[in-house]
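Thank you for asking for a second reading of this structure. My remarks are set out below as numbered points, to be read beside the sequence and the coordinates.

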Amino acid sequence: MDTNELIALKLFIVGLLVSAWMMSKSSATDSFNLEPTFPSQRRICNESRLQWEVEVCGENFTRDMAHIDSQYWCNLTHIIREYHLFTSCTEEKSLVVNCYWPNPLVEGYMIRVHKHFFSNCTVEQVVWLDPPDDTLTVLILIPVFLTLAMIALVVWCSKRSDLLA
Ligand SMILES: *[C@@H]1O[C@H](CO)[C@@H](O)[C@H](O)[C@H]1NC(C)=O
Ligand SMILES: *[C@@H]1O[C@H](CO)[C@@H](O)[C@H](O)[C@H]1NC(C)=O
Ligand SMILES: *[C@@H]1O[C@H](CO)[C@@H](O)[C@H](O)[C@H]1NC(C)=O
């Protein structure tokens, strides 16, 4: 393993730990406030609307990805912008329809999108990225990385259970 791979691996593990921590935190207690707060009334997550909204995000992402040569689909440097738009779209829409983000519906949808676009990518390819040259890129990368790590974990677990079944 060269230094780049080691750094990527470390980031990946940190990402897994942080997202696991965030998930346990958000399911264990309500005090970790992920739900949008509205002054007087507590709104209810509208799942059918969320399903529809998230599919719109997916369609936009599919359209954006079509502009990128599929040989670059595994290269984060090429797709980071589109991927970030997609994840922030799902986040925005979840909040609009009063749902937590991330939530099982969005995760399920993202896994389907990942299987469609990234099923042929290896972890080394996906994690590889040009060193970010400004703070903004780093700020964008952190949530994208957490999302990727979370999805990777779910996919990995489901692959394992497929193998064991
Ligand atoms: C959820 O959204 C759909 C579509 O906008 C709407 O028809 C339905 O009444 C909403 N359900 C609730 C419980 O607000
Ligand atoms: C990803 O794309 C960048 C920019 O085109 C390129 O420099 C880099 O070598 C590519 N990485 C891989 C693993 O193909
Ligand atoms: C993955 O590889 C298979 C077999 O080579 C190919 O048919 C499929 O289109 C590829 N999928 C993606 C998303 O590149």
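The points that follow go from confidence and overall fold to the core, the loops and the surroundings of one ligand.

1. The first matter is confidence, since this is a predicted model. The mean pLDDT of the protein chain is 73, and 61% of its residues reach a score of at least 70. Between elements, the lowest confidence falls in helix α1, residues 3-28, with a mean of 47, while the highest falls in helix α2, residues 47-66, with a mean of 96.

2. Two stretches deserve to be marked in any figure. Over residues 13-21 the pLDDT stays under 50, and the model gives this stretch 9 contacts beyond four places in sequence. Residues 24-34 also have a pLDDT below 50, and this second stretch has 6 contacts beyond its near neighbours in sequence. Where pLDDT is low, predicted coordinates should not be read in detail.

3. As to overall architecture, the protein chain contains 6 helices and 0 strands, so that the order of elements from the N terminus is α-α-α-α-α-α. The chain has 165 residues, of which 18% count as buried. Taking contacts between residues at least 6 apart in sequence, 77% join residues that are at least 24 apart.

4. Which residues of the largest nonpolar core touch the most other members? They are Leu-148, Ala-149 and Ile-151, in a core of 19 residues. Helices α2, α3 (76-96), α4 (104-118) and α6 (135-164) each contribute at least two residues to this core, and the largest share, 6 residues, is supplied by α6.

5. The contacts of Ile-151 add detail to that picture: apart from neighbours within four places in sequence, Ile-151 is in contact with Met-110, Ile-111 and His-114. Val-155, which is found in helix α6, is in contact with Ile-111 and His-114 when neighbours within four places are likewise left aside. The C-alpha atoms of Val-155 and His-114 are separated by 9.2 Å, although the two residues are 41 apart along the chain. Val-155 counts as partly exposed because it has 16 C-beta neighbours inside 10 Å.

6. The loop between α3 and α4 calls for a careful look at its backbone. Pro-102 lies in this loop, and the peptide bond that joins Trp-101 and Pro-102 is cis, with omega about -5°. Asn-98 is found in the loop between α3 and α4 as well, and this residue, which is not a glycine, has a positive phi of about 65°. As background to both remarks, most residues other than glycine have a negative phi, and most peptide bonds are trans. Asn-98 is partly exposed, because 16 other C-beta atoms lie within 10 Å.

7. Val-97 lies in the loop between α3 and α4 too, and its contacts reach to a part of the chain far back in sequence: Cys-45 is 52 residues away along the chain, yet the two C-alpha atoms are 5.9 Å apart. Not counting residues up to four places away, Val-97 touches Cys-45, Asn-46, Arg-49, Leu-50 and Glu-53. Is Val-97 buried, exposed or partly exposed? Val-97 is partly exposed, because it has 19 other C-beta atoms within 10 Å, whereas a buried residue needs 20 or more.

8. Two exposed positions may be set beside these. Ser-48 is found in helix α2 and is exposed, because 9 other C-beta atoms lie within 10 Å; its C-alpha atom is 10.0 Å from that of Leu-105, with the two positions 57 residues apart in sequence numbering. Thr-122 has its place in the loop between α4 and α5 (123-127), and counts as exposed because it has 10 C-beta neighbours inside 10 Å. Thr-122 and Cys-74 are 48 residues apart in sequence, and their C-alpha atoms are 8.0 Å apart in space.

9. Finally, which residues are around ligand 3? They are Ser-70, Phe-117, Ser-119 and Asn-120. Sorted by class, this shell has 1 nonpolar residue, 3 polar residues and no charged residues.

Terms used. Residues are numbered from 1 along each chain as its sequence is written. Chains are lettered from A and ligands numbered from 1 in the order in which they are written. This is a predicted model: local features need pLDDT of at least 70, side-chain atom pairs count only at pLDDT 80 or more; totals for chains, interfaces and linings use all residues. pLDDT is the predictor's confidence in each residue, from 0 to 100. Helices (H or I, at least four residues) and strands (E, at least two) are DSSP runs, numbered from the N terminus. Two residues are in contact if their C-beta atoms, placed from the backbone, lie within 7 Å. A residue is near a molecule or strand if its C-beta atom, placed from the backbone, lies within 6 Å of it. Ala, Val, Leu, Ile, Met, Phe, Trp, Tyr, Cys and Pro count as nonpolar, Asp, Glu, Lys and Arg as charged, and the others, Gly among them, as polar. A residue is buried if 20 or more other C-beta atoms lie within 10 Å of its own, exposed if 12 or fewer, and partly exposed in between; C-beta atoms are placed from the backbone. A nonpolar core is a set of buried Ala, Val, Leu, Ile, Met, Phe, Trp, Tyr and Cys residues joined through C-beta atoms within 7 Å.
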